[in-house]
Amino acid sequence: TDTPAEQLSTPASRFLDSLKEVVDTHISDTHLKMDDLGVELGMSRVQLYRKVKALTGLSPVELLRKIRLQKAYSLLLNSDMTISEIAYEVGFGTPSYFSSCFKKQYD
């Protein structure tokens with residue numbers, strides 16, 4: 001039988017880990033496109049969409065927003081940055097859009 005560590009290292013979890021690494025690398029890029037993520041992961045935008053949707057139930061854009069908001073939440077708790085600084089740090093183009101997304105996610 002597989003050890004717990006081997007069970008966690010499925011192709012799906014390795015893919016999601018790779019995706020999160022790529023997103024983390026580019027998290028502050030407000031112009032990050034799904035095509036860019038696909039290129040770094042070696043797949044087309046359509047392949048990326050299907051795989052992310054199948055594994056998470058979210059579209060890649062929704063997953064990217066969720067990852068950005070989780071990072072922002074952590075920064076709010078653990079840094080002295082202003083909300084505007086955090087918004088730009090995690091790749092939101094405007095603090096007001098960041099605020100509305102954050103409220104939807106955490107209200």
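The exercises below, each with a worked solution, concern helix α5 and the aromatic residues around Tyr73 in a predicted model.

Residues are numbered from 1 along each chain as its sequence is written, and side-chain values use heavy atoms, with hydrogens and water left out. Because the model is predicted, local features need pLDDT of at least 70 and side-chain atom pairs count only at pLDDT 80 or more, whereas totals for chains, interfaces and linings use all residues.

**Exercise 1. Compare the expected span of helix α5 with the distance between its end C-alpha atoms.**

Step 1. Helices are DSSP runs (H or I, at least four residues), numbered from the N terminus, and α5 comprises the 19 residues 60–78.

Step 2. The expected span is 1.5 Å times one less than the number of residues, which gives 27 Å for α5.

Step 3. The end C-alpha atoms of α5 are 27 Å apart, which agrees with that expectation.

**Exercise 2. Identify the buried residues of α5 and the helices that cover them.**

Step 1. With buried meaning under 20% relative accessible area, exposed over 50% and partly exposed in between (1.4 Å probe, protein chains only), the buried residues of α5 are Pro60, Leu63, Leu64, Ile67, Arg68, Leu69, Ala72 and Leu75.

Step 2. Their cover includes α2 (11–25), α3 (34–41), α4 (45–56), α6 (83–89) and α7 (95–106).

**Exercise 3. Place Ser59 and list its contacts, not counting residues up to four places away in sequence.**

Step 1. Ser59 lies in the loop between α4 and α5, and it counts as buried because its relative accessibility is 13%.

Step 2. Taking contact as heavy atoms within 4.5 Å, Ser59 touches Tyr49, Val52 and Lys53 under this sequence restriction.

**Exercise 4. Describe the aromatic pairs that involve Phe102 with Tyr73 and with Tyr106.**

Step 1. Rings of Phe, Tyr and Trp (its six-membered ring) pair if their centres lie within 6.5 Å, and planes under 30 degrees apart count as stacked, over 60 as edge-to-face and the rest as tilted; the count by this rule comes to six aromatic pairs.

Step 2. Tyr73 and Phe102 form a stacked pair, at 6.3 Å centre to centre with 20 degrees between the planes, and this pair links distant parts of the chain, since Tyr73 is in helix α5 and Phe102 in helix α7, 29 residues apart.

Step 3. Tyr73 is partly exposed at 38% relative accessibility, whereas Phe102 is buried at 16%.

Step 4. Phe102 and Tyr106 form a tilted pair, at 4.7 Å centre to centre with 40 degrees between the planes; both lie in helix α7, four residues apart, about one turn of the helix.

Step 5. Tyr73, Phe92, Tyr97, Phe98, Phe102 and Tyr106 form one aromatic cluster.

How values were computed: Helices (H or I, at least four residues) and strands (E, at least two) are DSSP runs, numbered from the N terminus.
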